[in-house]
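Subject: Structure handover

Hello,

Here is the structure for you to look through. My notes follow below it.

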Amino acid sequence: MAQLDPTALDLQLAVPKRGIRVGRIRVPGWLALLLRNRKSRAGLFIVAFMVFIAIISPLISVAHPNDFNLLATRQAPSWHHLFGTTDQGSDVFSQVVVGARRSLLLGALAGALATLVAAVLGITAAYVGGIVDEIVNLLTNVFLTIPAIPLLVVVSGYLRTRGMWTMIAVIALVLWAFEARILRAQALTLKNRDFILAAKASGEPTWRIVFGELMPNMISRIAAAFVLVFYISLLVDSGLEFLGLGDMSATSWGVTIYWAQVNSTVLQGEWWPFMFPSLALGLTVLGLVLVLAGIDEVSNPQLRADRKRGRLAALLLGRAAA
Amino acid sequence: MRWFARRLAFYVFAIWVALTINFLLPRLMPGDPISGLLQHLSPAQLAANPGIVQTYEALLGGGHHSIWADYVTYLHRISHFNFGISTSNYPTPVSEVVGRTLPYSIFLVGVAFILAFLIGTGIGMVAAWRRGGFTDSVVVPAFMTVSAFPAFVLALLGLYFLGLKAGWFPIQHAYDSSVIPGWNWTFVSSAFRHAQLPIIAIIAAYTGGWVLNMRTVMINTIGEDYVGMAHAKGLKDRRVMTRYAGRNAILPPLNGFAAQFAGAVGGLVFIEIVFSYPGIGYTLQSAVLGNDYPLAQAILVVLSVCVIIANLIMDVLNFVLDPRLRTS
Amino acid sequence: MSAVATKTLLEVKGLEVEYGRVRAVDGINLSIAAGEILGLAGESGCGKSTVANAIMQILRPPARIVGGSILFEGEDLVGKSTEQLRKYRWRNVSMVFQSAMNALNPVMRVGDQFVDMMQAHEHVSKRRAIVRAGELLELVGMDKGRVRAYPHELSGGMRQRVIIAMALALSPELIILDEPTTALDVVVQREILQQVEALKRDFDFAVVFITHDLSLLLEFADRIAIMYAGEIVESAPAAQLAESPLHPYTQGLLRSFPPLTGPRVRLTGIPGAPPDLREPPSGCRFHPRCPYCLPENAALYLRQTSERPRLRMIEPEHNVACHLVDA
């Protein structure tokens, strides 16, 4: 569900090489840059907050998320149960907070795997060219044409077990195409730069050029790719769980929403079992989208609200303002 | 023209890949594919559907021959649109089930996605033109936030607030249960009314992406010389925004339309389920949950073909709208 | 070259334009008489295009006019309403943009772009407008059938002609040429400029010719103004400027290209680079690059580094802003 998709970008030029000092702490260049931009700063805070919650979840969850208490079913939010209870009496707050762990972890891992595949395939295809490039291109386009969700639905249907690692593998195998195209495009621009030609001329093997020269110079773009695939994985995974096709024994946001839907709680006016996990999910995705938008703005000065710097650069570089 | 031929060739190839995946999936599971499938069924289901073993065998192209022979038989069957019998709707053939449900989905996604595109690019255009204005600082972030929520969440929200609480829209199914489908006004108007919430949900989910995309492209376009010249020529502001900047800025998002369509098809599945809307997405889920593999696989192929057709339409539209592509 | 100029068409007084907090144009005075060709020369980034955009009133944020006035036929443009400015644009002053490649809308036919502009200013039917567009194209030496062409179907030179034809369409009193030939090869350059001259004879408009190529101005302009770092440092009739340039920058510019005739001269450029306008040099902005700014001449040096020279009339029609000349 690639609802929000940034344009291609090149962050390389904007990152200060050696980072910035804040008091005694040395902040890496890229982080300083992202913190300076309003959008990515907000996004980073949101994501950091969610990760923090996930980490401390055992400390703050009041009860075990799967504990059920038939005497306290379907209760609206109260001081005792901050987010209310499900139709089986489980505490929704605990479910959301503990569920964050699995949802975020799975999204991150699936995103990482998909990004890795996309980077390796895309960059290698760009560098090597020829038939390899054609094949990878073909593969990428095919996976972009066959709709991802229906494909995942059918594949999940065939799976005997739907454990976490299986889901990660399956999701990554379908989503890699999203970024492969963009990474390939950027690798193409780097392919004929002097440092690559020099490495080639000095006899470096292909794999070493791809991993040792090209990838390190595309780190910013790869990072942006990861953020995108991360949030798409989040959406896809919770979507599959919502359909009853994910790992239904785990505690995660999608599963909670699934039970809310299946038990028709919404139709009965009980909004809390679905609203809170949805908010958590939406907030996390929003945070990631903001980070991405911030990265976009940093590498394309024209997009910034504060356009003074962009115009100044144009002015000083002598470009005639038409 | 050569470019078209290449695209068509690719699309045919993509369909072939979808078909092959369909063919291979059951076989990739360890063990005998048929018993693997049967394992998912309960004894009650087996008893209720006596012909099911034969159906599966037919699906897998025979089951007792070499894999290549099976494959050929399979492809041959597909070329005659024979997808087998739907086990969950035994003895209805799959093609009939699909034919019954597909039109509803096409109606939904067609109307909603196009509207989302038009509204989204319109907002993006205006937001970029008046940077820092109301559209840019309020409407754009609002859409961004809304679109961050997955489609099924928005559908649920719509169901709850607009359908249940406010009672403005019917909340389930494609048409009133008292109405009989047919080409008469009662049915058509009922169908339209029931489609409103799903359409609103789709629009809410997908407009944000277009807004952001168009805004970015438009900002870059505004810096182009021909926009400056149009301004210098003394043209009215709105005309420069639409015919000069907008008309050029819309081309990249239009290209992205086809790519996004695959994602929209995915979202459709969720929305249909939330609203119990009997379209092809809803049918897909019930098929998978009911282990009706012939139906599920057929739907996957059909959806891929839909995406491809959307791609083709976009290719043609692009050709029409961008004169630069027309020079031989 | 021209008769004695009688009417002052456009007068720029003390114009100041800022991009954010950077002052790109810092107090410019110019005047253009009806039918005269004024050349505006200077290096990239000196602010000449900004002046052009200010005259056309098409400056885009963050650029804005913060001081001074631009008087067209006696009326100040700064402070006019949006609608008044819209009517003023193109009808009174039009512009030929630098890169015709990009100045035409790629998805509209050439003729429609004429029609657009005409209908924005007058009540004409589309048919009549297309006919007029065709006539204008013929004026610049193109086949009138080209009204149906898309910009990408035309060559660079043809596109430039289209832009010129468009600039003439409403018979403005002043046409600004912003580096009209920079993107073209020398042969085409010449053709275009001769075309402009011929058109000027028929239509009698004034011209502001902006370029970094001083040699072109010496040939085509009546008067020339030299800009440096956002200021006018010298202005004079073309012949006088060539014969007796007074400002060291002008002298440097003239020495930068060889004369076609006459004895061989050693070419010298101007050492250094234009200043960063965020922090311009104190006093005379040219002083870091000026061969006559030497610490040995203590008193003069002090003035050069602390006091901004003002534009003063040294000879009739010849203004210079330079401490050397003042001394």
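Among contacts in chain A between residues at least 6 apart in sequence, what percentage join residues at least 24 apart? The figure is 70%. Please keep in mind that this is a predicted model.

**Chain A**

Chain A has 322 residues, and 53% of them count as buried. Its secondary structure consists of twelve helices and two strands. The two strands come at the N-terminal end, and the helices follow: β-β-α-α-α-α-α-α-α-α-α-α-α-α. About 14000 Å² of chain A is exposed. Carbon and sulfur atoms account for 65% of that area.

**Where chain B meets chain A**

This contact draws on 56 residues of chain A and 68 residues of chain B. Together the two chains bury about 5300 Å². Carbon and sulfur atoms give 74% of that buried area. How many salt bridges are there between chain B and chain A? The count is zero. Polar contact across the interface comes to one residue pair, with both residues at pLDDT 80 or more.

On chain B, the side that touches chain A divides into 44 nonpolar residues, 20 polar and four charged. Several elements of chain B give two or more residues to that side. Among them are α1 (2-28), α9 (185-222), α12 (251-274), α13 (280-289) and α14 (293-321).

**Helix α13 of chain B**

Take a look at α13(B) next. Why is α13(B) described as largely enclosed by the rest of the structure? Because seven of its ten residues are buried. Those residues are B:I280, B:G281, B:T283, B:L284, B:Q285, B:A287 and B:V288. Their cover comes from both chains. On the chain A side it includes α5 (148-158). On the chain B side it includes α6 (94-129), α12 and α14. Just after α13(B) comes B:N291, with a positive phi of about 55°.

**B:N311**

One residue of α14 in chain B also deserves a look: B:N311 sits in that helix. Is B:N311 buried or exposed? It is buried, with a relative accessible area of 10%. The cut-off for buried is under 20%. Which residues does B:N311 contact, leaving aside its neighbours within four places in sequence? In chain B they are B:Y11, B:A258 and B:A259. From chain A, A:T145 is in contact with B:N311 too.

**Two loop residues in chain C**

Chain C offers two residues with positive phi to inspect. C:Q57 is not a glycine, yet its phi is positive, at about 60°. C:Q57 lies in the loop between α1 (48-56) and β4 (63-72) of chain C. With a relative accessible area of 15%, C:Q57 is buried.

The other is C:A229. Its phi is near 50°, again a positive value in a residue other than glycine. Where is C:A229 found? It is in the loop between β9 (223-228) and β10 (231-237) of chain C. C:A229 counts as buried, at 6% relative accessibility.

**Where to start**

I would open the contact between chain B and chain A, then turn to α13(B). That helix gives two or more residues to the side of chain B that touches chain A, and seven of its ten residues are buried. After that, go to B:N311, and finish with the loops of chain C.

Best wishes

Methods:
Residues are numbered from 1 along each chain as its sequence is written. Chains are lettered from A and ligands numbered from 1 in the order in which they are written. This is a predicted model: local features need pLDDT of at least 70, side-chain atom pairs count only at pLDDT 80 or more; totals for chains, interfaces and linings use all residues. Side-chain values use heavy atoms; hydrogens and water are left out. Helices (H or I, at least four residues) and strands (E, at least two) are DSSP runs, numbered from the N terminus. Buried means under 20% relative accessible area, exposed over 50%, partly exposed in between (1.4 Å probe, protein chains only). Contact means heavy atoms within 4.5 Å. Accessible areas come from the Shrake-Rupley method with a 1.4 Å probe; for residues, only the protein chains shown count as cover. Buried area is the accessible area (1.4 Å probe) that two parts lose on being put together, summed over both. A salt bridge is a side-chain nitrogen of Lys or Arg within 4 Å of a carboxyl oxygen of Asp or Glu. A polar contact is a pair of N or O atoms within 3.5 Å; within protein, one must be able to donate a hydrogen and the other to accept it, and residues adjacent in sequence count only if both atoms are side-chain atoms. Ala, Val, Leu, Ile, Met, Phe, Trp, Tyr, Cys and Pro count as nonpolar, Asp, Glu, Lys and Arg as charged, and the others, Gly among them, as polar.
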